[in-house]
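Trainee: I'd like to learn how to read a model like this one, feature by feature. Can you walk me through it?

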Amino acid sequence: MAIDADTVRKAARLSRIRVEEAALAPLAQELSGIIAWIEQLNEVDTDGVEPMTSCVAVKLPMREDVVTDGNKRDAILANAPRTDRGFFVVPKVVE
Amino acid sequence: MADLTSLTLKAALDGLNSKSFSAEELARAYVSAIETANPHLNAYVLETPDKAIAMARASDARRARGEAGPLEGASLGIKDLFCTDGVQSTAGSNILKGFKPPYESTVTANLWRDGAVMLGKLNMDEFAMGSSNETSAFGPVSNPWKASGSNQALTPGGSSGGSAAAVAADLCLAATASDTGGSIRQPAAFTGTVGIKPTYGRCSRYGIIAFASSLDQAGPIGKTVEDAALMLSSMAGHDPKDSTSLDVETPDFSAFVGRSVKGLRIGVPDEYRLDGMPAEIAALWDQGVEWLKAAGCEIKRVSLPHTKYALPAYYIIAPAEASSNLSRYDGMRYGLRVEGGTLQDTYERTRAEGFGAEVKRRVLIGAYVLSAGYYDAYYLKAQRVRRRIAEDFDTAFAEVDALLTPTAPSAAFALGDRVSDPVAMYLNDVFTVTTNLAGLPGLSLPAGLDARGLPLGLQLIGRALDEGTLFSLAGVMEQAAAFRAKPQKWW
């Protein structure tokens with residue numbers, strides 16, 4: 001299926017990536033080319049085939065629900081773009 | 001001591017054990033080689049000479065106390081995808097420039113536990129998305145190899161282009177790498193080095209910056225089969241911090257190198273003989289078959305009927321997982337932030353500026369194939385095809401013990417050659433991506449040179465957790481190929 005500029009705008013919005021209006025159409029063409037190539041998958045008969053989500057056939061391991069780490073506030077904040085008195089500083093979220 | 005950098009990992013460990021030289025002398029030789037070469041090759045995005053000397057001195061001290069580990073004093077390069085405590089780790093992306101993780105990846109921690117020394121961080125395609133190292137925010141790596149009589153810069157392959165180039169140019173004894181669709185094996189093939197992607201779950205993914213979690217797997221690139229085996233034995237092992245890490249013993253893989261392969265059954269898959277495959281690659285493949293026959297292997301034709309659907313399935317699954325994994329780069333807790341008018345605007349500007357074109361392309365594809373209305377048609381379909389591909393291997397491995405294929409459909413190509421055509425670039429991984437989807441181990445070794453004097457690789461694919469057989473087969477083929485060519489030093 002061909003991807004149009006509106007579809008790219010929606011995917012960009014979902015991806016939280018700013019795409020300039022002028023870039024939407026060329027990007028749509030590029031992605032349509034890739035999707036058209038991907039659509040050869042429709043040739044494969046997959047009736048009754050379970051989707052494969054992982055190649056590890058083991059059950060996810062469980063562990064005790066206890067604290068194993070912590071007390072490293074400064075290390076956690078060390079890479080933050082903005083901090084203030086031991087907190088992350090982020091743009092206003094609630095008006 | 002100028003020739004210390006030309007040693008294999010095994011020879012360097014022997015030299016350190018016999019006290020022919022110290023870990024510090026070895027590290028200094030590499031630091032100076034990197035200083036000279038890196039402005040030309042761009043293999044390292046971060047050189048850590050002070051750390052290397054300090055680690056080497058500590059290693060010499062451990063050895064003096066009689067506490068030498070299996071890789072004691074070995075100077076290694078680390079792909080920039082691996083988080084290293086207090087040392088910038090960027091995954092080749094602007095969005096992580098300046099990021100210094102406050103923790104160490106399990107794979108690198110295992111290497112330091114065994115005595116290894118870090119020379120620096122190696123260049124790579126951004127977030128490991130690429131097959132030519134050209135998507136790196138630090139610029140492409142140049143392949144140390146050039147075609148005979150040509151001065152054109154060639155790609156070292158990708159995404160582990162820095163790792164492969166550094167090993168080929170003697171800028172480290174061996175390197176860590178990672179492979180989501182062929183990112184260890186294709187660069188190894190393009191640079192005349194040995195690379196192995198082990199079974200999914202052999203190496204912990206903890207602290208490895210995530211691309212596509214169900215496919216990502218760490219592995220080594222080395223100068224010889226034995227070197228790759230020594231590296232993997234150290235890198236692998238169960239880790240409770242990665243829930244998909246396999247709770248199995250890690251064998252001494254180097255013990256498999258040199259074992260007889262007599263009586264092993266080797267499959268040659270029909271579907272890997274592509275239309276338009278260069279005659280030299282087809283001939284080299286036939287040569288590989290002859291080497292294994294001569295070593296007493298039984299050769300069988302096998303069929304992997306869904307091979308051609310592996311890449312299209314991969315280009316749904318990998319971008320889908322990437323779009324989810326990369327959602328963490330929001331400019332709030334670490335990495336780049338570009339302030340906007342609102343929170344939403346800040347997210348969108350941060351990610352628009354922080355990600356390169358290929359990463360954006362894949363995140364958009366991922367968001368599209370996962371979005372309402374398309375999820376079943378694309379994502380679930382791809383996961384069903386993935387099972388078909390895995391079943392193909394199950395069927396083949398009922399009859400054979402390993403498979404032999406080419407590693408890549410061409411030798412190294414010129415930088416700039418394929419950047420404008422994403423699908424042409426994706427086709428680099430046509431022979432390697434199948435094992436990522438099925439979780440199987442794949443090893444690439446140099447098998448010969450093409451008419452232009454560029455290295456070509458052959459790939460061995462094994463059963464899950466049967467890397468040992470691959471190392472035995474690769475050892476035999478390495479002997480037969482007697483590949484000794486090195487790139488002409490132009491840097």
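Mentor: Sure. Chain B comes to 15 helices and 11 strands. Keep in mind that this is a predicted model.

Trainee: What does the radius of gyration of chain B tell me?

Mentor: You hold it against what a compact globule of that length would give. For 491 residues that would be near 23 Å, and chain B has 21 Å, so the two agree. The C-alpha atoms fill a box of roughly 65 × 55 × 50 Å along the principal axes.

Trainee: And how many of the residues of chain B count as buried?

Mentor: 62% of the 491 do. As for contacts between residues at least 6 apart in sequence, 76% join residues at least 24 apart.

Trainee: Which residues have the most contacts inside the largest nonpolar core?

Mentor: The general idea comes first: in soluble globular proteins, nonpolar side chains tend to be buried together. Here the largest nonpolar core has 172 residues, and those with the most contacts inside it include Tyr30(B), Val117(B), Ala166(B) and Cys172(B). Take Ala166(B): leaving out residues up to four places away in sequence, its contacts include Ala43(B), Tyr44(B), Leu122(B) and Cys172(B).

Trainee: Let's try a single helix. Which residues of α1(B) are buried?

Mentor: Leu9(B), Lys10(B), Ala12(B), Leu13(B) and Leu16(B). They cover an arc of only 165 degrees around the axis, so they sit on the same side of α1(B). That buried set packs against α2 (23-41), β4 (174-179), β6 (217-222) and α7 (225-235) of chain B. Just after the helix, Lys19(B) takes a positive phi of about 60 degrees.

Trainee: Why does Leu9(B) count as buried?

Mentor: You count C-beta neighbours inside 10 Å, and 20 or more makes a residue buried. Leu9(B) counts as buried because it has 26 of them. Beyond its neighbours within four places in sequence, Leu9(B) is in contact with residues including Ala74(B), Leu173(B), Gly222(B) and Leu230(B). There's also a long jump in sequence here: Leu9(B) and Met231(B) are 222 residues apart along the chain, yet their C-alpha atoms are separated by 8.9 Å.

Trainee: You mentioned β6(B). How do I read a strand?

Mentor: In a regular strand the side chains alternate between the two faces of the sheet. In β6(B), Gln217(B), Gly219(B) and Ile221(B) point one way, while Ala218(B), Pro220(B) and Gly222(B) point the other. Six of its six residues are buried.

Trainee: Which strands are joined to β6(B) by bridges?

Mentor: One is β4(B), which runs antiparallel to β6(B) and is joined to it by six bridges. In that pairing, Asp179(B) stands opposite Gln217(B). Another is β5 (residues 194-197) of chain B, also antiparallel to β6(B), with two bridges. Gly195(B) has Ile221(B) as its bridge partner in β6(B).

Trainee: Last one: how many residues of chain B are in contact with chain A?

Mentor: 52 residues of chain B are in contact with 39 of chain A. On the chain B side, the elements giving two or more residues are α9 (310-325), α10 (343-354), α11 (357-370), α12 (375-397) and α13 (422-426). The largest share, 10 residues, comes from α12(B). By class, that side of chain B has 27 nonpolar, 12 polar and 13 charged residues.

Note on methods:
Residues are numbered from 1 along each chain as its sequence is written. Chains are lettered from A and ligands numbered from 1 in the order in which they are written. This is a predicted model: local features need pLDDT of at least 70, side-chain atom pairs count only at pLDDT 80 or more; totals for chains, interfaces and linings use all residues. A residue is buried if 20 or more other C-beta atoms lie within 10 Å of its own, exposed if 12 or fewer, and partly exposed in between; C-beta atoms are placed from the backbone. Two residues are in contact if their C-beta atoms, placed from the backbone, lie within 7 Å. Helices (H or I, at least four residues) and strands (E, at least two) are DSSP runs, numbered from the N terminus. The radius of gyration is taken over C-alpha atoms; the globule rule is 2.2 Å times the number of residues to the power 0.38. The arc is that of the directions from the helix axis to the C-beta atoms. Ala, Val, Leu, Ile, Met, Phe, Trp, Tyr, Cys and Pro count as nonpolar, Asp, Glu, Lys and Arg as charged, and the others, Gly among them, as polar. A nonpolar core is a set of buried Ala, Val, Leu, Ile, Met, Phe, Trp, Tyr and Cys residues joined through C-beta atoms within 7 Å. Two strands pair if DSSP finds at least two bridges between them.
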